[in-house]
Amino acid sequence: MTRIVAVHGVLPSRRYAQHQITAAVEAICRLPRGDRRLLHRVHAAAGVTTRHLAVPVEDCARLDGFGARNDAYLRGALALGREAAQGALDQAGIGAHEVDLVVSTTVTGIATPSLEARLAGVLGLRPDVKRVPLFGLGCAGGAAGLARLHDYLTGHPDQTALLLSVELCSATLQRTDASLQNLVAGALFGDGAAAVLAVGRDRAGALAGQGDRDGRRPEITATRSHLFPDTEHLLGWTVRDTGFHIMLGADLPDLVRRHLGPVVREFLAEHELKTEDVTAWVCHPGGPKVLDAVREALALPPRALEATWRSLAGVGNLSSASVLHILRDTLAGQSPPPGTPGLLLAMGPGFGVELVLLRW
């Protein structure tokens, strides 16, 4: 058993209405008239009302080349990552020196040394802290990071682990790319970070004995990863001199609609559960079409993904950090009945899905 003891999400201070970003992208990308009309339609249909950006929208036009983009990513990522990690530690009342493992996940920039290594001294992590930086999982990174925390804490039940997710999607906007994929990405993605602090079974027992700060925090009871064959082309990056260019297959929602249901139902059945037993769905906001496909694939009631739709509207798609923000929002809302199951899920490049079974 792994106990989640803190979830903290942060956003850059710059907040833009969707129409402001639409106008900025139109000016930055210098689109012909037909493409400008398409841009406005795509942005209006994205389900996004506001987004937070670490890179000022007026500066996106000046990010020329991979190096400049990655420099902007590093500046913003380190600031957001420090705030998220420290917030989770403070929320749990646990010192940084008590952390035995830190997992970091990102897909919007490259850092070597990795983000958690650059932040270790600032946060006060021990010199012998174990580090697992993850790259390439995209929107599934938050869920996969939770799963890896659970794997580790199952084998080290007296220890504490920290997950850090940081994404600066604004640093990846391509001003010379008029493809539909780039226009969709520009309509959906925002910037943000999140951190989760979790403890193993024995450590959870010790914390409970000391007076748990919040008994509503869920346990992780099981995880599942699943790759769909021959789908590598559907989602990911193409790396060029100007940075990351998004690959986004138009048939992605159809794949989710056809194949997600059997994977989720088989996973739940292994734990003698059905979809109707799940009292909280913590689902990554891939976009309106993907969310509709998830609901149809799992035959969910209309309000099951309400927290996800609300997050998409308020902050956009934060890649790996989104599902952790939605987990935080779920914990802050009306608590599911004690002992009932929840399911956290996210999909990302591969194409694959990550499932984390929770118990409230």
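UniProt positions are given here in the numbering used for this chain, with feature names shortened, and such annotations may be inferred rather than shown by experiment. With that in mind, the unreviewed UniProt entry marks residues 221-359 as "domain: Chalcone/stilbene synthase C-terminal". Over residues 221-359 the chain is 36% helix and 28% strand, and the C-alpha atoms at the two ends sit 7 Å apart. Helices (H or I, at least four residues) and strands (E, at least two) are DSSP runs, numbered from the N terminus.

A word on the model itself. The structure is predicted, so local features need pLDDT of at least 70 and side-chain atom pairs count only at pLDDT 80 or more, while totals for chains, interfaces and linings use all residues. Residues are numbered from 1 along each chain as its sequence is written, and side-chain values use heavy atoms, with hydrogens and water left out.

Next come the empty spaces. Rolling a probe the size of a water molecule over the atoms shows where empty space is left. On a 1 Å grid over the protein atoms alone, a cavity is a set of points where a 1.4 Å probe fits but cannot get out; a pocket is an open set with protein on both sides within 12 Å along at least five of seven lines, and lining residues have an atom within 4 Å of a point. Grid points are joined across faces, edges and corners, and a volume is the space filled by probe spheres set on the points.

The largest pocket holds about 690 Å³ of space. It is lined by 27 residues, and V184, L188, L248, P253 and K289 are the closest to its centre. Two or more lining residues come from each of α2 (33-44), α6 (180-188), α8 (252-269) and α9 (288-298), with α6 giving the most, five residues. By class, this lining splits into 19 nonpolar, six polar and two charged residues; Ala, Val, Leu, Ile, Met, Phe, Trp, Tyr, Cys and Pro count as nonpolar, Asp, Glu, Lys and Arg as charged, and the others, Gly among them, as polar.

There is also one cavity of 30 Å³ or more, with a volume of about 40 Å³. Its lining is made up of F66, R69, N70, Y73, T108, A171, T172, G243 and F244. Both α3 (66-92) and β10 (243-248) give two or more residues to this lining, and α3 has the largest share, at four. Four of the lining residues are nonpolar, four are polar and one is charged.

Back to α9, one of the helices at the pocket. Its buried residues (under 20% relative accessible area, with exposed meaning over 50% and partly exposed in between, for a 1.4 Å probe and protein chains only) are P288, V290, L291, A293, V294, A297 and L298. These residues pack against α6, α8, β11 (280-283), α10 (306-315) and β12 (341-348). Just after α9 comes A299, which has a positive phi near 50 degrees.

T105 sits in strand β4 (residues 101-106) and counts as buried because its relative accessibility is 2%. Contact means heavy atoms within 4.5 Å. Setting aside neighbours within four places in sequence, T105 touches L134, G141, G142, L163, L164, S165, V166, E167 and S320.

Finally, the cysteines. With a disulfide taken as a pair of cysteine sulfur atoms within 2.5 Å, the count is zero. C139 is in none, and the nearest cysteine sulfur, that of C169, is 7.4 Å away. C139 counts as buried because its relative accessibility is 11%. C283 is in no disulfide either, the nearest cysteine sulfur being that of C139, 11 Å away. At 1% relative accessibility, C283 is buried too.
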